[in-house]
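Hi everyone, thanks for coming. Have a look at the screen, and I'll walk you through a few spots.

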Amino acid sequence: MERIVVLGLGKVGTLAGELLQSAGFTVTGIDMQRKASDLPFETKTRDLSDPAQYEDDLNAADAVLSCLPYHLNTSVATVAHAAGIHYFDLTEDVPTTKTILELSKNAKGLMAPQCGLAPGFVGIVGADLISQFSECRACKMRVGALPQHPTGLMGYSFNWSPEGVVNEYLNDCEVLEDGQIKWVSPMEWIEKLYIDGTELEAFTTSGGLGTMCETYLGRVPNIDYKTMRYPGHVDLMNFFFHELLMRERRREAGEILVNAKPPVEDDIVYVHVSAEGEIEGRLARREFVRGYKPITLAGKRRTAIAWTTASSVVGIIEMVRKGTLPDQGFLKQEDVPLSAFLKTHTGSAYAEHGAF
């Protein structure tokens, strides 16, 4: 695997392209809009809503990384499948992932969705914690991408795709509860937690578990994923989406929220993963708790959400090239060894940053 196409050159896509180029790949970046000429890889302008526009580009490549909004990924995966190349994306959308899983059954390359932060890195960490127990009774995964200096009642800034945030706030959430796979409502099961003295609230959101419920059915009775925000956020979002009926106008909801809370440069990504069970016959708890802030990467200062997301998928692509991960079929994030991921050229950023 040498030639890779990156579709979508926002902050994450651009950084992913730079990291891939730095790791020795030949990168072609494609976006709807013309990009600056100072990028270290070739760029093209295409209408990415039309698969015919980029079909030839994928046919000439060994792999494609989609950094596009989730609703475009099924088309990209279908073209990649037909071309027989590897496919990677960052989606949290459950129906999209199920479609890609079906494509993977006769794929010539690897189909690897959900390679971002959550789902993605958080599942790698969760699986590593679970593996430390002879019998694991529960695994809880929490992630929050937040402004370091929140303002207003919402305490939030939209540093991530508004389509993705609205999608995970409104779609039902898959969990394992008492040994059964269940679907529960989003923005529920509210809990309080603290990270390094900062109070946060966590609540159910869609897609963060990826394929973990199916993988651990019959092995771990309780697994759930929640998004973390500053206190009071979830009440405001429930009012906005349900009492004001903005759940029926998703596109407009995203526009309103981004206009009210635009992206910030000083963000932080909190990761809180815990598991409980028996180790050598004794009840124990293991935790992975980090706060990742902006860092300088590939010569530029990168927001926390951009570098954690881009580093996650590029680290996995490196592992596929090296042969540490399979090169055909469907990749589950829980099958990615954490220790090997942290030793990759790109994934090592997770090991070097984030400790309190």
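So, why does W183 count as partly exposed? Its relative accessibility is 45%, and partly exposed covers what lies between under 20%, which is buried, and over 50%, which is exposed. Before I go on: this is a predicted model. To find W183, go to strand β9, residues 180-184. There's a nonpolar patch on the surface there, formed by W183 with I181 and L217, and together they have about 280 Å² of accessible area.

Okay, now the sheet. It's an open one with 7 strands, and the order reads β3-β2-β1-β4-β5-β6-β17, with parallel pairing. At the edges you've got β3 (42-45) and β17 (329-330), each pairing on one side only. Let's zoom in on one pair: β5, residues 86-89, runs parallel to β6, residues 110-112, over 2 bridges. In that pair, F88 stands opposite A112 in β6. Packing on the sheet is helix α10, residues 304-322, which touches β1 (3-7), β4 (63-66), β5 and β6. The direction of α10 makes about 160° with that of β5.

Last stop: follow the chain out of β5 into the loop before α4 (94-104), and you'll find E92. Is E92 buried or exposed? Buried, because its relative accessibility is 6%, and the cut-off for buried is under 20%. Leaving out residues up to four places away in sequence, E92 touches a whole list of residues, including Y70, W160, N167, E168 and S206. As for K108, 16 residues from E92 along the chain, the two C-alpha atoms are separated by 24 Å.

Technical notes. Residues are numbered from 1 along each chain as its sequence is written. This is a predicted model: local features need pLDDT of at least 70, side-chain atom pairs count only at pLDDT 80 or more; totals for chains, interfaces and linings use all residues. Side-chain values use heavy atoms; hydrogens and water are left out. Patches are made of residues with over 30% relative accessible area and no salt bridge: like charges are joined within 9 Å, nonpolar side chains (Val, Leu, Ile, Met, Phe, Trp, Tyr) within 5 Å. Accessible areas come from the Shrake-Rupley method with a 1.4 Å probe; for residues, only the protein chains shown count as cover. A salt bridge is a side-chain nitrogen of Lys or Arg within 4 Å of a carboxyl oxygen of Asp or Glu. Helices (H or I, at least four residues) and strands (E, at least two) are DSSP runs, numbered from the N terminus. Buried means under 20% relative accessible area, exposed over 50%, partly exposed in between (1.4 Å probe, protein chains only). Two strands pair if DSSP finds at least two bridges between them. Contact means heavy atoms within 4.5 Å. Axes are lines fitted to C-alpha atoms, for helices over the stretch in contact, and angles run from 0 to 180 degrees between N-to-C directions.
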